[in-house]
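Here's a structure that may be new to you. Take a minute to turn it around, and then we'll walk through it together.

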Amino acid sequence: MSDMKAAWKAARFATKVLIAIAVFLVLFVAVMVWSFVYTGGEEQSQLIDSVFTVVGIECGALMLKRVMEIFLPRRDKGEV
C-alpha cells in the first residue's frame with residue numbers, strides 16, 4: 001500500500017488530473033445510463049454535450065501544456 005502512496009505522490013499533476021477525469025467520466029456515464037433506463041428512454045443530451053465539451057477542452061489544454069514542455073523546456077532561474 002505504501003508503494004501506491006509513493007507512486008501517487010511522485011505522479012505529475014497532469015497524470016492526476018487525467019485519472020480524476022477518467023473516474024468522473026465512468027461515474028457520469030453510469031449515471032446517464034441509469035437515468036436513460038429509469039426515465040424510459042429520455043436522455044439528457046444537453047448535459048452530456050456540455051460535460052464532454054468541457055472534458056475535451058481540459059484534456060486538450062493538458063496536451064498542449066505537455067507539448068509546450070517538450071518543445072520549450074523550462075530554464076533554471078540562475079541561467080538567465
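Which residues make up the largest nonpolar core? Keep in mind as you look that this is a predicted model. The core consists of nine residues in all: A14, V17, I21, L25, F28, M32, V51, V55 and L62. Two elements, helix 2 (13-38) and helix 3, each give two or more residues to this core. Helix 2 is the top contributor, with six residues. As a bit of background, nonpolar side chains in soluble globular proteins tend to be buried together.

L62 is a good member of that core to zoom in on. Setting aside its neighbours within four places in sequence, L62 is in contact with A14, V17 and L18. Two of those names, A14 and V17, should ring a bell, as they belong to the core along with L62.

Now for the rings. The structure holds three aromatic pairs. One of them is F24 with F28: the ring centres are 5.9 Å apart and the planes sit at 25°, so this pair counts as stacked, the cut-off being under 30 degrees. F24 and F28 are four residues apart in helix 2, so about one helical turn separates them. Their surroundings are not alike, though: F24 is partly exposed at 42% relative accessibility, whereas F28 is buried at 9%. F28 is also one of the core residues listed above.

Another pair is W34 with Y38, whose ring centres are 5.0 Å apart with planes at 15°, so these rings are stacked too. Here again the partners are four residues apart in helix 2, which puts about one helical turn between them. W34 is exposed, with a relative accessible area of 54%, and Y38 is exposed as well, at 63%.

Here are the two stacked pairs in one place:

| Pair | Distance between ring centres | Angle between planes |
|---|---|---|
| F24 and F28 | 5.9 Å | 25° |
| W34 and Y38 | 5.0 Å | 15° |

There's also a group to look for: F24, F28 and F52 form one aromatic cluster.

While you're in helix 2, have a look at S35, which has its place there. Is S35 buried or exposed? With a relative accessible area of 14%, S35 is buried, because that value is under the 20% cut-off. Apart from neighbours within four places in sequence, S35 is in contact with E42 and Q44.

Over to charges. How many salt bridges does the structure hold? There is one, and it joins the side chains of E69 and K65, at 2.8 Å from N to O. E69 and K65 are four residues apart in helix 3, so about one helical turn lies between them. Both ends are partly exposed: E69 has 24% relative accessibility, and K65 has a relative accessible area of 43%.

Finally, take a look at the outside. Which residues form a nonpolar patch on the surface? They are M63, L64, V67, M68, I70, F71 and L72, and together they have about 760 Å² of accessible area. M63, one of this group, lies in helix 3 (residues 45-71). M63 is exposed, with a relative accessible area of 56%. So helix 3 gives residues to the core, carries the salt bridge partners E69 and K65, and also holds M63 of the surface patch.

Definitions and conventions. Residues are numbered from 1 along each chain as its sequence is written. This is a predicted model: local features need pLDDT of at least 70, side-chain atom pairs count only at pLDDT 80 or more; totals for chains, interfaces and linings use all residues. Side-chain values use heavy atoms; hydrogens and water are left out. Patches are made of residues with over 30% relative accessible area and no salt bridge: like charges are joined within 9 Å, nonpolar side chains (Val, Leu, Ile, Met, Phe, Trp, Tyr) within 5 Å. Accessible areas come from the Shrake-Rupley method with a 1.4 Å probe; for residues, only the protein chains shown count as cover. A salt bridge is a side-chain nitrogen of Lys or Arg within 4 Å of a carboxyl oxygen of Asp or Glu. Buried means under 20% relative accessible area, exposed over 50%, partly exposed in between (1.4 Å probe, protein chains only). A nonpolar core is a set of buried Ala, Val, Leu, Ile, Met, Phe, Trp, Tyr and Cys residues joined through side-chain atoms within 4.5 Å. Contact means heavy atoms within 4.5 Å. Rings of Phe, Tyr and Trp (its six-membered ring) pair if their centres lie within 6.5 Å; planes under 30 degrees apart count as stacked, over 60 as edge-to-face and the rest as tilted.
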